[in-house]
Amino acid sequence: MLKSNRTIIALIILTVASAFMTSCNRKTVYYHFEHTDLEGWNKTDTLLYNIGAFRDSGTFECHVGARISNDYPYKSITLVVEQTIYPEQTTMEDTLVCNFTDSIGNILGNGLSIYQYEYPLHEAVINANDSVVYKIWHNMRQEEIVGITDIGIKLTRK
């Protein structure tokens, strides 16, 4: 019984320490995923990410994250990412092709039944007190696609 208590305490300490170390990445200023409909993500279902006023000016690297299940039938997905910076209302639109497998079908992501991927998008210069809105939708031929569970945005200070 004493040995099992030590094991539990060691696991708790390890969990808290790893959570502390990963949460202390001061370069990451925003990291959020939006869920897609499990029945299928429709081309007209735009995912919205509202990022409030930035405290400091800077150059930020933007990444798009994707989580997919084994139900996803394709090797890649094409996403349209629209970024609007306020109050100037400067809008930029990017098309991003996200490959999930290599040329022979090997999975490139991390995971077991849900695979996570991250793709670089662009750099953005954002001023103090600016806010940013990202909109993401898929640009596949099929109107509704299954197997995409989440799409995320990550901003890190350069």
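**Strands, a hairpin and a core**

Me: How many residues does the hairpin from β7 to β8 pass through?

Reply: Happy to start there, with the note that this is a predicted model. Strand β7 covers residues 110-111 and runs antiparallel to β8, with 2 bridges between them. In this pair, Gly111 stands opposite Tyr115 of β8. The hairpin that joins β7 to β8 does this through 2 residues.

Me: Which residue of β8 is the bridge partner of Phe60?

Reply: Phe60 lies in β4, which spans 58-69. β4 and β8 run antiparallel and are joined by 12 bridges. Within β8, the partner of Phe60 is Ala124.

Me: How many strands are there in the protein chain?

Reply: Let's read the order from the N terminus: it is α-β-β-β-β-β-β-β-β-β-β-β. That is a chain with 1 helix, and its strands number 11.

Me: Which element gives the largest share of the largest nonpolar core?

Reply: This core has 34 residues, and Ile77, Phe100 and Ile151 touch the most other members. The elements that give two or more residues to the core are β3, β4, β5, β6, β8, β9 and β11. As a general background, nonpolar side chains tend to be buried together in soluble globular proteins. The largest share here is 6 residues, and the element that supplies them is β8.

Me: Which residue of β9 is in contact with Ile151, leaving aside neighbours within four places in sequence?

Reply: Ile151 itself sits in β11 (148-157), while β9 covers 131-138. Its contacts beyond four places in sequence include His32, Trp41, Tyr49, Val64 and Leu79. One more residue on that list falls in the range of β9, and it is Ile136.

Me: What percentage of contacts with a separation of 6 or more joins residues 24 or more positions apart?

Reply: A nice example of a partnership across the sequence is Phe60 with Ala124. For the protein chain, residues 24 or more positions apart account for a share of these contacts equal to 79%.

Me: Why does Cys98 count as buried, and what is its relative accessible area?

Reply: Buried means under 20% relative accessible area. Cys62 meets this with 1%. Of the 158 residues in the chain, 39% count as buried. Cys98 is buried too, because its relative accessible area is 0%.

Me: How many disulfides does the structure hold?

Reply: A disulfide would need a pair of cysteine sulfur atoms within 2.5 Å. Although Cys62 is buried and Cys98 is buried, the number of disulfides in the structure is 0.

Conventions:
Residues numbered from 1 in each chain as written. Predicted model: local features only at pLDDT ≥ 70, side-chain atom pairs only at ≥ 80, totals over all residues. Heavy atoms only, no water. Core = buried A, V, L, I, M, F, W, Y, C linked by side-chain atoms within 4.5 Å. Buried < 20%, exposed > 50% of the residue type's maximum accessible area, 1.4 Å probe, protein only. Helix = DSSP H or I, 4+ residues; strand = E, 2+ residues; numbered from the N terminus. Contact = heavy atoms within 4.5 Å. Pairing = 2+ DSSP bridges.
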